[in-house]
Amino acid sequence: MTRPYLDPKTHLTELFTLALARIAPDAGLAIELERPKQASHGDWACNAAMQLARSLKRNPRQVAGELLANLPVSDLIDKTEIAGPGFINVFLKPAALQSLAAHILEQGVHFGRVNLGRGARIQVEFVSANPTGPLHVGHGRGAAYGASLANILTQAGYAVEREYYVNDAGRQMDILALSTWLRYLGLCGEFVPFPPNAYQGDYVKLMAESVFSLHAERYKRTAAQVLEGVPGIPSAEEYAQRPDLKDAAEEALDALIVAAKRLLGPDYAYLHGHALEEQLGDCRNDLTEFGVTFDCWFSERTLHESGLIDRAVAQLRQHGHLYEQDGALWFRSSAFGDEKDRVVRRENGIYTYFAADIAYHLNKFERGYARVIDVWGADHHGYIPRVKGALKAAGADPDRLEVSLVQFAVLYREGQKVPMSTRAGQYVTLRELRAEVGNDAARFFYVLRKSDQHLDFDLDLAKSQSNENPVYYIQYAHARICSVLGAWGGQEADLAEADAGLLVHPMELALLKRLAEYPEMVAAAAREYAPHLIAYYLRDLAADLHGLYTACQFLVEDQALRAARLLLIAATRRVLADGLVLLGVSAPEKM
RNA sequence: CUGCCCGUAGCUCAAUUGGAUAGAGCACCAGCCUUCUAAGCUGGGGGUUACAGGUUCGAUCCCUGUCGGGCAGGCCA
């Protein structure tokens, strides 16, 4: 009934390329077609004439005329015109769009897939928060962004693997284990002053209670034993008022950790492991409920244990980029674009986090990814030159690593900024946010901004069950279509035979045009690591649908027209659902 | 002090990476439910794109400077 769909952009690009070859075979110019912002400028515009004008030393409008004279005829083209300084505007016949609706139904989930990646393996590492407490709303943005980005890259033809780097080896984990133990000792009746720079959260007390109920007093030591040789622990008040006590407090904390390891012996590993498992498990559950999953949870500790860090350091040494000074081992990162040299092994013989990170990234490269994307908080931007520098120094190609920085999210409630302080244990957790606004609104709001922009997260707007909330606007379009299709009661597959030539209403054609943009949007979002493009596209698509909904009745008497319109909205429903999946937002059938 | 990011409508943000008359949402005003979901639609006012120069057919986008905001500058992670 309707002829097979031919992608207009691809088709026009071929035509213009042929015309270009005829008038300027040596121009070395690639034809670029763009969608004009204004409908009066046609469906597609080509700016090649203006770009050629300089090298041909001719008036751009004259060059445009020559291009058009050499353009092969096409039955997709209604008319062309030369406009402005030398744009070529192309107006398509309705038929060029009408066959799209059936094409979308036939393609199913394949519509919107673009083959940018050609199956290349790409890794996205994101969240990677220290498992020392609940995820907060800042991590939530990284989670939503990374998960959507991974979905989009998959859609764009990459073989994507999602990874979470677990910082299970450092001092922060020791502090968590110590914090848990001290709370536990309190339950045993042994009271050691709780350091103000240890983890204050209630989740630490809960872990202590669980250890106590499982093992009673097995890990009990007397307060006197614990405090032996430990310098004074400042009180919370002193610590808050006197910044000069910071170093002393850190020393006391380290002394307590040493005491814990000494007094507990092999049992320390149990407490450490218990705290890690509890927090990592909590984190994993939280993310899973948020629709964020990982293929690999990569343990930092395994880098130490398997000797990969030794190997990475040896690799740098071999290339002559290490030197010793003040008892520490330094990497000459200043020779690779960094501001100054960095320590990889401390005076005390322990590797820095940086050393582990070098080994980690070399390991990523060895695992064979064509590209590795790190999603970091924007506060880590200064860290990029040294990691890339280290990769280069070790003989790897630093351009295979791309770092995507995500800015902070600031919560607003009733127009007021919600205060957040990790130090004081005063922060809104991701779990609390999800409970308050729901997963859909949270996922959507997080990616509604370009990732490198600060995000003002309006809690009242996100949880409002009203027309103010943009996420409902899109979901509502989907639900409305479902409702119409339900009232009709037929099978979607039967609609593919409908006569799409009957779709001539301006709003129908506008909707078809919008649907045709979807694959390009996916490609742009994948190229630019920009999930927000999908969010904005879906809003525009929903707006087109709502407009048509108000302007036209779908379930009309005329059977042919009814089938054509139902075909159109069925195709729209597919694209809406597909885009929402990319963003991790549900597509409800009823609202 | 130095480096990176940002500055667009009253507010929150887009702008196909150099394209044509810079667009949405919220808020404000005026309309639209006897019809498939009004969580919707239609219309209206709102701008020297922080400022000053420069590059060119053409600049919100690139370069220089100024002002304002954020982040970073550990043998922390």
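Q: Buried means under 20% relative accessible area, exposed over 50%, and partly exposed in between (1.4 Å probe, protein chains only); why is Ser 179 called buried?
A: The relative accessible area of Ser 179 is 0%, which is under the cut-off, so Ser 179 counts as buried. Ser 179 is placed in helix 7, a helix being a DSSP run of H or I with at least four residues, a strand a run of E with at least two, both numbered from the N terminus.

Q: What kind of model are these values computed from?
A: This is a predicted model in which local features need pLDDT of at least 70 and side-chain atom pairs count only at pLDDT 80 or more, while totals for chains, interfaces and linings use all residues. Residues are numbered from 1 along each chain as its sequence is written, chains are lettered from A and ligands numbered from 1 in the order in which they are written, and side-chain values use heavy atoms, with hydrogens and water left out.

Q: What makes a residue a contact of Ser 179?
A: Contact means heavy atoms within 4.5 Å. With neighbours within four places in sequence left aside, Phe 194, Ala 198, Tyr 199 and Val 204 are in contact with Ser 179.

Q: Why is Leu 187 called partly exposed?
A: Leu 187 has 38% relative accessibility, which lies between the two cut-offs, so the class is partly exposed. Leu 187 is also found in helix 7. Apart from neighbours within four places in sequence, its contacts are Ala 208, Glu 209 and Phe 212. Leu 187 and Glu 209 are 22 residues apart along the chain, and their C-alpha atoms are separated by 7.5 Å.

Q: How do you know the mutual orientation of helix 7 and helix 11?
A: Helix 7 (residues 171-187) and helix 11 (residues 246-264) pack at an angle of about 70°, with their axes 10 Å apart. The axes are lines fitted to C-alpha atoms over the stretch in contact, and the angles run from 0 to 180 degrees between N-to-C directions. Angles under 35 degrees count as roughly parallel, over 145 as roughly antiparallel, 65 to 115 as roughly perpendicular and the rest as oblique. The two helices are therefore roughly perpendicular.

Q: Which residues make that contact, and what classes do they have?
A: Helix 7 contributes Arg 171, Asp 174, Ile 175, Leu 178, Trp 181 and Leu 182, and helix 11 contributes Glu 250, Leu 253, Asp 254, Leu 256, Ile 257, Ala 260, Lys 261, Leu 263 and Leu 264. By class there are 10 nonpolar, no polar and five charged residues, where Ala, Val, Leu, Ile, Met, Phe, Trp, Tyr, Cys and Pro count as nonpolar, Asp, Glu, Lys and Arg as charged, and the others, Gly among them, as polar.

Q: Which residues of helix 11 are buried, and what do they pack against?
A: The buried residues are Ala 249, Glu 250, Ala 252, Leu 253, Leu 256, Ile 257, Ala 259, Ala 260, Leu 263 and Leu 264. They pack against helix 7, helix 9 (223-227), helix 10 (236-241) and helix 12.

Q: How do the spans of helix 11 and helix 12 compare with what is expected?
A: The expected span is 1.5 Å times one less than the number of residues. Helix 11, with 19 residues, reaches 27 Å from its first C-alpha to its last, close to the expected 27 Å. Helix 12 (residues 266-289) has 24 residues and reaches 35 Å, close to the expected 34 Å. Gly 265, just after helix 11, takes a positive phi of about 55°, and Gly 291, just after helix 12, takes one of about 80°.

Q: What is the phi of Val 127, and what is that of Ser 128?
A: Most residues other than glycine have a negative phi. Val 127 has a positive phi near 65°, and Ser 128 has a positive phi near 45°. Val 127 is placed in the loop between strand 5 (121-125) and helix 6 (137-155), and Ser 128 is in the loop between strand 5 and helix 6.

Q: Why is Val 127 called buried, and why is Ser 128?
A: Val 127 has a relative accessible area of 14%, under the cut-off, so Val 127 is buried. Ser 128, at 14% relative accessibility, counts as buried too.

Q: What makes the pair Arg 367 and Asn 363 a polar contact?
A: A polar contact is a pair of N or O atoms within 3.5 Å; within protein, one must be able to donate a hydrogen and the other to accept it, and residues adjacent in sequence count only if both atoms are side-chain atoms. The side chains of Arg 367 and Asn 363 are joined at 2.9 Å, within that limit. Arg 367 lies in the loop between helix 15 (353-366) and strand 11 (371-377).

Q: Why is Arg 367 called partly exposed?
A: The relative accessible area of Arg 367 is 24%, which falls between the cut-offs, so Arg 367 is partly exposed. Not counting residues up to four places away in sequence, Arg 367 touches Arg 121, Gln 123, Glu 163, Cys 296, Phe 298 and Tyr 360.
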